[in-house]
Amino acid sequence: MLNSYFTGVSTVDDGILPHFARRVDDNVFSNHVDFTFSDIVKMITHMKSSNTADLQGFSNSFLKSLKFALAKPLSALYIRISLHLVRFLVTGVWQNMLPLFSKKGVSSNVANYRPISLTSTFSKIFERIVKQQNMLAYLDNQLISRQQLASCQNVQLVPNYLIDWTLSIRNRHSVDVIYFDFTKAFDSVSHPKLIHKLQAYGFCGRLLCVLSEFLCDRT
């Protein structure tokens with residue numbers, strides 16, 4: 001019942017790729033990610049300390065205690081995945097989906113559940129390094145607005161807004177903050193159209209293959 005409901009709220013692609021002009025110059029492209037020893041150590045260091053185990057029984061705290069010993073083999077693994085074993089990313093070893101009750105309504109109603117991705121701790125490091133390197137590149141090329149706080153959480157933007165809010169309050173002006181929550185937004189994303197759009201932003205080569213394989217055959 002849960003599987004049928006989650007399938008029903010997703011969007012079936014119509015097989016038509018709309019025109020989407022290239023957003024970057026021909027000399028701007030992203031075709032690989034560097035998985036260096038120092039990058040992996042830094043990423044593990046900044047992970048939240050948690051004893052909650054992933055699907056394989058590994059926790060963030062475990063990785064943090066062995067980060068210097070794990071960084072080199074993880075670097076070799078990530079490089080090999082990005083160059084050769086892209087299909088490895090979509091196996092259950094890296095990610096699994098479970099339904100989570102939304103804490104409202106009756107628990108017997110499938111509409112009150114949402115699919116949660118349980119991601120391997122090692123996969124999270126891989127994904128965050130990919131995101132970090134590409135996010136910086138696209139911010140530099142002004143392809144992503146710096147006002148998109150949710151997408152640019154690693155960029156220190158909040159102090160700028162705090163200054164505006166503080167001045168408004170000091171001057172006895174009201175401050176209204178509006179938050180938008182797009183329900184099931186990712187479920188409605190067409191994977192072929194997403195890949196098509198990424199190409200227009202300069203993604204190509206092995207990096208595009210990794211992202212494509214990560215989304216391929218997702219159900």
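**Figure 1. Long-range contacts and overall make-up of the predicted chain.** In this predicted model, residues 24 or more positions apart account for 66% of the contacts with a separation of 6 or more. The chain is built from eight helices and two strands, which follow the order α-α-α-α-β-β-α-α-α-α along the sequence. Of its 219 residues, 26% count as buried. The accessible surface of the chain is about 14900 Å², and carbon and sulfur atoms contribute 58% of that area.

**Figure 2. Packing of helix α2 on helix α4.** The axes of α2 and α4 lie 8 Å apart and make an angle of about 120°. An angle of that size falls outside the 65 to 115 degree range for roughly perpendicular helices, and α2 and α4 are therefore oblique to each other. The crossing of α2 over α4 is right-handed. On the α2 side, the residues that meet α4 are Phe 37, Ile 40, Val 41, Ile 44 and Thr 45. Their partners in α4 are Lys 67, Phe 68, Ala 71, Lys 72, Leu 74, Ser 75 and Tyr 78.

**Figure 3. Crossing of helix α4 and helix α5.** Helix α4 spans residues 67-83 and helix α5 spans residues 121-140. Their axes come within 11 Å and cross at roughly 70°, so α4 and α5 are roughly perpendicular to each other. The crossing in which α4 passes α5 is right-handed. From α4, the contact is made by Leu 74, Tyr 78 and Ile 81; from α5, Phe 122, Ile 125 and Phe 126 take part. Leu 74 and Tyr 78 also appear among the α4 residues that meet α2.

**Figure 4. Surroundings of Phe 58.** Phe 58 sits in the loop that runs between α2 and α3 (60-65). Its relative accessibility is 28%, and Phe 58 therefore counts as partly exposed. Leaving aside residues up to four places away in sequence, Phe 58 touches Thr 52, Ala 53, Leu 63, Thr 121 and Phe 122. Thr 121 is 63 residues from Phe 58 in sequence, yet their C-alpha atoms are 6.8 Å apart. Phe 122, another of the residues touched by Phe 58, belongs to the α5 side of the contact with α4.

**Figure 5. The loop between the two strands at Ala 111.** Strand β1 covers residues 95-101 and strand β2 covers residues 113-119, with Ala 111 in the loop between them. Ala 111 has a relative accessibility of 36% and so counts as partly exposed. Met 1 is 110 residues away from Ala 111 along the chain, and the C-alpha atoms of Met 1 and Ala 111 are separated by 10.0 Å.

**Figure 6. Surroundings of Ser 30.** Ser 30 is placed in the loop between α1 (2-8) and α2 (37-45). Buried residues have under 20% relative accessible area, and at 11% Ser 30 therefore counts as buried. Outside the residues up to four places away in sequence, Ser 30 touches Asn 134, Tyr 138, Gly 202, Phe 203, Cys 204 and Leu 207. Gly 202, one of these contacts, comes just after α7 and takes a positive phi of about 100°.

**Figure 7. The α7 and α8 pair.** Helix α7 (residues 191-200) has Ile 195, Leu 198 and Ala 200 as its buried residues. These buried residues pack against α8 (205-215). The axes of α7 and α8 come within 10 Å and cross at roughly 170°, which means that α7 is roughly antiparallel to α8. In α7, the contact is made by His 191, Leu 194, Ile 195, Leu 198 and Gln 199. In α8, Leu 208, Leu 211, Ser 212 and Leu 215 contribute. Ile 195 and Leu 198 are named both among the buried residues of α7 and among the α7 residues in this contact.

**Figure 8. Cys 204 and Cys 209, two unpaired cysteines.** The structure holds zero disulfides. Cys 204 is in no disulfide, and the nearest cysteine sulfur, that of Cys 209, is 9.6 Å away. A disulfide requires sulfur atoms within 2.5 Å, so the separation of 9.6 Å between Cys 209 and Cys 204 is too far for a bond. Cys 204 counts as partly exposed at 27% relative accessibility, and Cys 209 is partly exposed with a relative accessible area of 34%. Cys 204 is also one of the residues touched by Ser 30.

Note on methods. Residues numbered from 1 in each chain as written. Predicted model: local features only at pLDDT ≥ 70, side-chain atom pairs only at ≥ 80, totals over all residues. Heavy atoms only, no water. Helix = DSSP H or I, 4+ residues; strand = E, 2+ residues; numbered from the N terminus. Buried < 20%, exposed > 50% of the residue type's maximum accessible area, 1.4 Å probe, protein only. Contact = heavy atoms within 4.5 Å. Areas by Shrake-Rupley, 256 points an atom, 1.4 Å probe, with all protein chains shown as cover. Axes fitted to C-alpha atoms, helices over the stretch in contact; angles between N-to-C directions. Parallel < 35°, antiparallel > 145°, perpendicular 65-115°, else oblique. Left-handed = near helix turned anticlockwise from the far one by under 90°.
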